[in-house]
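Student: I should like a close look at a single part of this model, followed outward to the elements around it. Please give the answer as one connected account.

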Amino acid sequence: MARQVELLEGSIPGTLTRLAAPIMGSQLIQMAYNLVDMLWIGWIGAGAVAAVGAAGMYVWLANGLVVLARMGGQVLVAQNLGAGDRPLAGRCAAEAIRLGSTLAVLTTLVTVGLNGPLIRLLGLNGADVIAQGRTYLVIVGLGMVFTFLNPLLTALITATGNSRTPFAAMCAGLGINFILDPALIFGWGPLPAWGVGGAAAATVLAQAVVFVFLLAYARNDESLFRYVHLRQKPDRQLLGRLCRISAPATVQNALFPLIAMVISRLVASWGDDAVAVQKVGSQVESISWMVADGFAMALNSFIGQNYGAGNTLRARQGYRVAMRLMTLWGLLCTGLLIGLARPIFSLFIHESAVQTMGQSYLVILGFSELFMCWEILVAGAFAGFGSTLIPSLVSTVLTAARIPLALALSSTALGLNGVWWSISLSSIGKGILLVIAFAWFQRRIPDRAPRAGT
């Protein structure tokens, strides 16, 4: 059976579903990595969860920097494949890989070399919590090459219409992580109990398995990677085009965790338990935005190829189909988080007082899930057309607004819940504004008939 999904013809709902399903599965598996870590680390205590949450902020920041290579690479590859120019698509992919590799090396040097100041910057209180956070950050820092290249290779492969291979790779990685987590955290047989360091090592080893899987596929691929030649002289013009597409989204995705770090410092004033609540709550909540992000990646490739082929009518239709599906998903997630908040949170942390705090977090954030799904999906649609400035501006401004809003609301009787409401309200605003902005953007793109043969 062919791995690639034909994006230029056929039923739009069927095409999007076949492409998006493995991507969403991959995103859910990525979420499972984190949830498996939390399930095991939760047995160590809330302090360990807070340490991993603090170190995870910098992994989140690294994921934002990945966008500089990933988004522009995926957009240019998809558009050039749609236009039938595979050699140019290969050159675009090569520039993306070179850029991603350079960023990985620089990020490793920073996270490993400055682990102490970086962890203390987040305002953790206990000395043991700080020490655990440093250990986790050093280990995941040494695995930054996988943090950068795995999502980049996944995006490039997806741009060809193949989302099954990344899904299979993620499944293999999850299996390794599921086995290694308890073995390295608590110690099995001759293996010593390594605590949060074991969780970090298990994650890095699992990511290494995913990388090997994706690399093996790329070495035998005829649709794109056959035309990728990393030893050729870099093309500064292509690199510039790639960065211009990616830059607004990269700024947005890099600022987002930086803003979250400021919020985390505010949360830390309520104690390490509050930090643990934020960490676990955000991982649970990620079930909504990771699925939306997966569907947005599929829509990006779908629109990119059809726009490159001159079929803007089909690209528009793809957006409408995706929007209906994501609306249903967002409503489902809202119901789950509001209706089952405490049972869900109690799976991860077992102290009753912390469970009560976690229940409030999930209920408050539950009101924003639909709008968060809209925000992510619309950003993917914009990117497919090669435009990332509008969604990046809207998301950056309203995400930054969380800081003054959190300070204002948390100073009222809401207390810590005021911080959670600042996050929820900003997500609602971003979703509504971006849907309106994309409706305006679409009016500027004339409908064009598909090219002959497509």
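Tutor: Leaving aside its neighbours within four places in sequence, Gly415 is in contact with Trp270, Leu409 and Ser410. The model is predicted, and the values that follow are computed from it. Gly415 sits in the loop between helix 16 and helix 17. Its relative accessible area is 14%, which is under the 20% limit, so Gly415 counts as buried. With respect to another part of the chain, the C-alpha atom of Gly415 is separated by 26 Å from that of Ala127, a residue 288 places away along the chain.

The two helices that flank this loop also meet helix 15. The buried residues of helix 15 pack against helix 16 (402-410) and helix 17 (416-443), as well as helix 9 and helix 14 (369-384). These buried residues are Pro391, Ser392, Val394, Ser395, Thr396 and Thr399. Helix 15 itself comprises twelve residues, 389-400, and spans 16 Å from its first C-alpha to its last, close to the 16 Å expected at 1.5 Å a residue.

Helix 17 leads next to the aromatic side chains. There are eleven aromatic pairs in the model. In one of these, the ring centres of Tyr319 and Phe438 lie 4.4 Å apart with their planes at 50°, so the pair is tilted. Tyr319 belongs to helix 11 (residues 312-339) and Phe438 to helix 17, so this pair ties together parts that are 119 residues apart in sequence. Both partners are buried: the relative accessible area is 7% for Tyr319 and 0% for Phe438. Ring pairs further link Tyr319 and Phe438 with Tyr307, Phe382, Phe385 and Phe441 into a cluster.

Helix 9, against which buried residues of helix 15 pack, has a further partner in helix 3. Two packed helices are described by the angle between their axes and the distance between the axes. For helix 3 (residues 86-113) and helix 9 (residues 236-268), the axes come within 10 Å and cross at roughly 70°. Helix 3 is therefore roughly perpendicular to helix 9. On the side of helix 3, the contact involves Leu88, Arg91, Cys92, Glu95, Ala96 and Leu99, which meet Leu238, Leu239, Leu242 and Cys243 of helix 9. Sorted by class, this contact contains eight nonpolar residues, two charged residues and no polar ones.

Technical notes:
Residues numbered from 1 in each chain as written. Predicted model: local features only at pLDDT ≥ 70, side-chain atom pairs only at ≥ 80, totals over all residues. Heavy atoms only, no water. Axes fitted to C-alpha atoms, helices over the stretch in contact; angles between N-to-C directions. Helix = DSSP H or I, 4+ residues; strand = E, 2+ residues; numbered from the N terminus. Parallel < 35°, antiparallel > 145°, perpendicular 65-115°, else oblique. Contact = heavy atoms within 4.5 Å. Nonpolar A, V, L, I, M, F, W, Y, C, P; charged D, E, K, R; others polar. Expected span 1.5 Å × (residues − 1). Buried < 20%, exposed > 50% of the residue type's maximum accessible area, 1.4 Å probe, protein only. Phe/Tyr/Trp six-rings, centres within 6.5 Å; stacked < 30°, edge-to-face > 60°.
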